[in-house]
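Trainee: Could you take me through one spot in this chain slowly, and then work outward from there? I'd like to see how a single residue fits in with the rest.

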Amino acid sequence: MRLYKDIFTGDEMFSDSFKIKLVDDVLYEVYGKLVTRKHGDVQIDGFNPSAEEASDGTDEVVESGVDVVLNHKLCETYAFNDKKAYTAYLKDYMKKLVDKLQETQPDQVEVLKKNANKVMKDILSRFKELQFFTGESMEIEGMVALLEYRDIDGESVPVLMFFKHGLDEEKY
């Protein structure tokens, strides 16, 4: 299994247990599902809990949401009430990301600069449909993931978007 962590905060953002698509070599799209489960329950496809875990009659706290968000403890942020505020954040984040890449992967700087503009222009055209999520630490200085719902095969599917170059990939 691979975990993808924010390079600035170390927060876990997602894992390869979800369907992932790389767009223009700069943006990961991670496809989630809406789920409802007992609080603290982590659902993994293919896992079948035993009957011994039956309820003991206590009140259960139920949580609903997007599985990627719940599994990786992402936190919704309301810091961007308009496109101008998000664009200002994005400009600062990209500068910080380019500086980091120049130290660690200089060959990727041009890839990021060229392709990120194209990808973000398309995404920003749908700004009003986006939700924003930070990692568990809620550090706005790190990556802010984007979430939108897309109609795929007649179903509304939550799709989270993360900048590839802002992530460290850890193998487990």
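Mentor: Sure, let's start with a pair: the side chains of Lys5 and Glu170 are joined by a polar contact of 3.4 Å. (A polar contact is a pair of N or O atoms within 3.5 Å; within protein, one must be able to donate a hydrogen and the other to accept it, and residues adjacent in sequence count only if both atoms are side-chain atoms.) Before we go on, keep in mind that this is a predicted model, where local features need pLDDT of at least 70 and side-chain atom pairs count only at pLDDT 80 or more, while totals for chains, interfaces and linings use all residues. Residues are numbered from 1 along each chain as its sequence is written, and side-chain values use heavy atoms, with hydrogens and water left out.

The Lys5–Glu170 pair also meets in a salt bridge, 3.4 Å from N to O. It links distant parts of the chain, 165 residues apart: Lys5 is in strand E1, and Glu170 is in strand E11 (residues 167–171). E1 itself covers residues 2–6. (Those labels are DSSP runs numbered from the N terminus: helices are H or I with at least four residues, strands are E with at least two. A salt bridge is a side-chain nitrogen of Lys or Arg within 4 Å of a carboxyl oxygen of Asp or Glu.)

How hidden are the two partners? Lys5 is buried, at 17% relative accessible area, whereas Glu170 is partly exposed at 29%. (Buried means under 20%, exposed over 50%, and partly exposed in between, using a 1.4 Å probe and protein chains only.) Skipping its neighbours within four places in sequence, Lys5 is in contact with several residues, including Gly10, Met13, Leu167 and Tyr172. (Contact means heavy atoms within 4.5 Å.)

Now let's work outward. The whole structure has 11 salt bridges. In one of them, Lys118 meets Asp24 at 3.4 Å, N to O. Lys118 sits in helix H3 (residues 109–124) and Asp24 in the loop between strand E3 (19–23) and strand E4 (27–31), so this pair ties together parts 94 residues apart in sequence. Lys118 is exposed at 52%, while Asp24 is partly exposed at 31%.

Another salt bridge joins Arg150 and Glu29, at 2.9 Å, N to O. Arg150 is in strand E9 (residues 145–152) and Glu29 in E4, so parts 121 residues apart are tied together. Glu29 is buried, at just 7%. These two also belong to a salt-bridge network with Asp122, Arg126 and Glu148.

Let's look at H3 itself, the helix that holds Lys118. Its end C-alpha atoms are 22 Å apart, which agrees with the 22 Å that its 16 residues should span at 1.5 Å a residue. (The expected span is 1.5 Å times one less than the number of residues.) H3 also has a kink of about 30 degrees, centred on Ala116. (The bend at a residue is the angle between axes fitted to the seven residues ending there and the seven starting there.) Ala116 is among the buried residues of H3, along with Val119, Ile123 and others. What do those buried residues pack against? They pack against E3, E4, helix H2 (83–104), E9 and strand E10 (155–163).

H2 brings us to the largest nonpolar core, which has 44 residues; Phe14, Tyr86, Phe162 and Phe163 touch the most other members. (A nonpolar core is a set of buried Ala, Val, Leu, Ile, Met, Phe, Trp, Tyr and Cys residues joined through side-chain atoms within 4.5 Å.) Elements giving two or more residues to this core include E4, H3, E9 and E10. The largest share, eight residues, comes from H2. In soluble globular proteins, nonpolar side chains tend to be buried together. Phe163 shows the link, since beyond its sequence neighbours Phe163 contacts Tyr86, Leu90, Tyr93, Met94 and Met120, among others.

One last stop: the loop between E3 and E4 also holds Asp25. Asp25 has a positive phi of about 60 degrees although it is not a glycine. Most residues other than glycine have a negative phi. Asp153, in the loop between E9 and E10, likewise has a positive phi, near 55 degrees. Asp25 is partly exposed at 28%, and Asp153 is exposed at 80%.
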